[in-house]
Amino acid sequence: MLTNTTHLKNFVIRATDGELGAVDQFYFDDETWAIRYLTVDTGGWLGGRRVLISPISVIRTDWQARQLDVALTKKQVEKSPDINTHEPVSRQHEAAYLGYYGYGNYWGGPYLWGSAFLPGDLAIPPTVSRQVTAESADSHLRSTEAVTGYYIDAADGEIGHVAGFVMDDEAWAIRYIEVATRNWWPGKKVLVSPAWIERVSWADSKVYVALGREAIKAAPEYHESMPIARDYEYRLYSHYGRPPYWVGDDARQSSLSVSGV
């Protein structure tokens, strides 16, 4: 299911033995655009400490109750590595975090979640050799809160700013960037796929997109209040003349099924 990340903000995170807190923001990987962690405001029970929860631990999303169920206990979260969520999360921090929970790492493999296509498959502990050799690589984590408001720089000039993110709550991947273009013409919002983004620049506070301004301007309009149907996605990709993301997803899913991963 595709949903705007703002719809998950303040969802209650429920452990196997009680509530952990509420979803605050998300950390995504700016190379694969997978959401690697949720930042959780634990309220009073941990003295206001914010903790990271990996989608690997999520077992159910209850949209009606506005709740995410995770396969963790409150004690596990209380004793988890203390990571400052106001600072960049390093690969060393990630390795310590994943090792603490006994999760496989997501880097070093061919799929969205390393050796797996879906995050839940990484609940199986990693091999020691793979974990050790992968720890030296850099993290590419960005906060959705920090990137919101970045200017969108098209191939021929600025065209708007990042207003939000549309995610797939099964693969925990950002499928679209919500672009607000009201500084260029009244009111319209459009979507841009991460596949068309060249890079995200912290220094410039910009997202560089390999599309022209006129193409973005003429794209099908996006309304956050309306569900994103597949026919809308077909129109979007047809407009840009690009292949849809699910073609690659289907191929990878088939590969995983055949290989038995």
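The following paragraphs describe the salt bridges and the internal cavities of this predicted model.

Charged side chains offer a convenient point of entry. Side chains of opposite charge can pair when their charged atoms come close. Across the whole structure, a search identifies 15 salt bridges. Three individual pairs and one network are described here in turn.

One of these salt bridges joins the side chains of arginine 142 and aspartate 30, with an N to O distance of 2.7 Å. This contact connects distant parts of the chain, the two residues being 112 residues apart. Arginine 142 belongs to strand S8 (residues 141-143), whereas aspartate 30 is found in the loop between strand S3 (18-29) and strand S4 (35-41). Arginine 142 has a relative accessibility of 10% and therefore counts as buried, the limit for that class being under 20%. Aspartate 30 likewise counts as buried, because its relative accessibility is 15%.

A second pair lies within a helix. Glutamate 94 and arginine 91 form a salt bridge through their side chains, at 3.2 Å from N to O. Both residues are part of helix H2 (residues 91-101), and because they are 3 residues apart in that helix, about one helical turn separates them. Glutamate 94 and arginine 91 are both buried.

A further salt bridge brings together the side chains of lysine 189 and glutamate 178, at 2.9 Å from N to O. Here the link runs between two strands: lysine 189 lies in strand S12 (residues 189-192) and glutamate 178 in strand S11 (residues 173-180), 11 residues apart. The two partners fall into separate accessibility classes. Lysine 189 counts as partly exposed because its relative accessibility is 26%, while glutamate 178, at 1%, counts as buried.

Beyond these pairs, salt bridges also link Lys9, Asp24, Asp41 and Arg50 in a network. Arg50 leads to the next topic, since this residue is also among those that line the largest cavity.

The model contains 2 cavities of 30 Å³ or more. The largest cavity holds about 40 Å³ of space. Its lining consists of Arg49, Arg50, Val51, Leu52, Ser80, Pro81, Ile83, Thr85 and Tyr97. Strand S5 (residues 50-53) provides the largest share of this lining, with 3 residues. Sorted by class, the lining of the largest cavity comprises 5 nonpolar, 2 polar and 2 charged residues. Arg50 thus appears in two settings, as a member of the salt-bridge network and as a lining residue of the largest cavity.

Conventions
Residues numbered from 1 in each chain as written. Predicted model: local features only at pLDDT ≥ 70, side-chain atom pairs only at ≥ 80, totals over all residues. Heavy atoms only, no water. Salt bridge = Lys/Arg side-chain N within 4 Å of Asp/Glu carboxyl O. Helix = DSSP H or I, 4+ residues; strand = E, 2+ residues; numbered from the N terminus. Buried < 20%, exposed > 50% of the residue type's maximum accessible area, 1.4 Å probe, protein only. 1 Å grid on protein atoms, 1.4 Å probe; cavity = no way out; pocket = protein on both sides within 12 Å on 5 of 7 lines; lining within 4 Å. Points joined across faces, edges and corners; volume = space filled by probe spheres on them. Nonpolar A, V, L, I, M, F, W, Y, C, P; charged D, E, K, R; others polar.
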